[in-house]
Amino acid sequence: MLLSNIDNPPQVIMVSSSIPGEGKTTVSLSLAHNLAAMGRRVLLIEGDVRRRVMSNYFDVTPRGGMISVLTGQQGFSETVVHDPGGGIDVLFGDETKANAADIFASTRFADLIAEVRQQYDHIIIDTPPVMVVPDARIIAQHVDAGIFVVRWDSTPRKLVSEALGMFESVNAQISGLVLNNIDQRGMKRYGYGYGYGYGYGAYGRGYYTS
């Protein structure tokens, strides 16, 4: 990832996937922790504000969230939480009745990203699956690079291709792909399974409440 642009290494990096359950949040956390271990100042943003599960991975308690910052209810400095174990700062998502896509398309979100660029070496944004909601495509307009997560021997090849096409349609920079949840014993088998259905709306059923 850091070598994807040697002259201008990416500062804001998004992590996404085609559908839920591919491990993108785990990859986001791992990337943030690895960068912090290199001595970098790292901010992890929970961009999946519809689901909001990132607090389950930390022992720290959220003090508001990104929506509170964007609406002016709280300042960034009083909302961001430091995780001493991982050495990173975390800006959690919080509940909102507004449409999440509209929030990420707002000038205030763009201003927030511009602000944190001045404070951190790297900003990692964990985004929702691109085939389920449009949020990731909108967030992609504010990042320098993207990581696309695919669950091995699970996600249909056609689905991966169409998801990447969605990012291409908005000129989003996807710099690399992570093949996740590999079963080494199954590595002897070649290729993905078939027989999957392509009703994309079904993948999001029960995943989001809004």
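In which loop does Pro156 lie? The legends below answer this and describe further close-up views of a predicted model.

**View 1. Pro156 and its surroundings in the predicted model.**
Pro156 is part of the loop that runs between β6 (145-151) and α7 (157-169). The relative accessible area of Pro156 is 2%, and buried means under 20%, so this proline counts as buried. Pro156 and Ser18 are separated by 138 residues in sequence, yet their C-alpha atoms are 9.7 Å apart in space.

**View 2. The open sheet and the order of its strands.**
The sheet is built from 7 strands, arranged in the order β3-β4-β2-β5-β1-β6-β7. The sheet is open, and the pairing of its strands is mixed. At the edges stand β3 (81-83) and β7 (174-180); each has a single partner strand, so one side of each has no neighbour in the sheet. From one strand to the next, the twist averages 25°.

**View 3. The pairing of β1 with β5, and the helices on the sheet.**
Strands β1 and β5 pair in the parallel sense, with 4 bridges between them. Within this pairing, Val12 has Ile123 in β5 as its bridge partner. Helix α1 packs on the sheet and touches β1, β2, β3, β4 (88-91), β5, β6 and β7. The direction of α1 makes an angle of about 170° with that of β5. Helix α5 lies across β1, β2, β4 and β5, and runs at about 145° to β5.

**View 4. Gln11, in the segment before β1.**
Gln11 is located in the segment that precedes β1 (12-17). Its relative accessibility is 17%, so Gln11 counts as buried. A polar atom of the Gln11 side chain lies 2.7 Å from the backbone oxygen of Arg117. Leaving aside residues up to four places away in sequence, Gln11 touches Arg117, Tyr120, Asp121, His122, Ile123 and Asp144.

**View 5. The salt-bridge network of Lys24, Asp48 and Asp126.**
The model contains 6 salt bridges. One of them joins Asp48 to Lys24, with the closest N and O atoms 3.4 Å apart. Asp48 lies in the loop between β2 (42-46) and α2 (66-70), whereas Lys24 belongs to helix α1 (residues 24-37); the pair therefore ties together parts that are 24 residues apart in sequence. Both Asp48 and Lys24 are buried. Lys24 also meets Asp126 in a salt bridge, with an N to O distance of 3.3 Å. Because Asp126 lies in strand β5 (residues 122-126) and Lys24 in helix α1, this pair ties together parts that are 102 residues apart in sequence. Asp126 is buried, as is Lys24. Lys24, Asp48 and Asp126 are thus linked in a network of salt bridges.

**View 6. The salt bridge between Asp121 and Arg41.**
The side chains of Asp121 and Arg41 form a salt bridge, at 3.1 Å from N to O. Asp121 lies in the loop between α5 (107-117) and β5, and Arg41 in the loop between α1 and β2, so the pair ties together parts that are 80 residues apart in sequence. What relative accessibility does Asp121 have? The value is 28%, so Asp121 counts as partly exposed. Arg41, with a relative accessibility of 46%, also counts as partly exposed. Asp121 is, in addition, one of the residues that Gln11 touches.

Definitions and conventions. Residues are numbered from 1 along each chain as its sequence is written. This is a predicted model: local features need pLDDT of at least 70, side-chain atom pairs count only at pLDDT 80 or more; totals for chains, interfaces and linings use all residues. Side-chain values use heavy atoms; hydrogens and water are left out. Helices (H or I, at least four residues) and strands (E, at least two) are DSSP runs, numbered from the N terminus. Buried means under 20% relative accessible area, exposed over 50%, partly exposed in between (1.4 Å probe, protein chains only). A polar contact is a pair of N or O atoms within 3.5 Å; within protein, one must be able to donate a hydrogen and the other to accept it, and residues adjacent in sequence count only if both atoms are side-chain atoms. Contact means heavy atoms within 4.5 Å. A salt bridge is a side-chain nitrogen of Lys or Arg within 4 Å of a carboxyl oxygen of Asp or Glu. Two strands pair if DSSP finds at least two bridges between them. Axes are lines fitted to C-alpha atoms, for helices over the stretch in contact, and angles run from 0 to 180 degrees between N-to-C directions.
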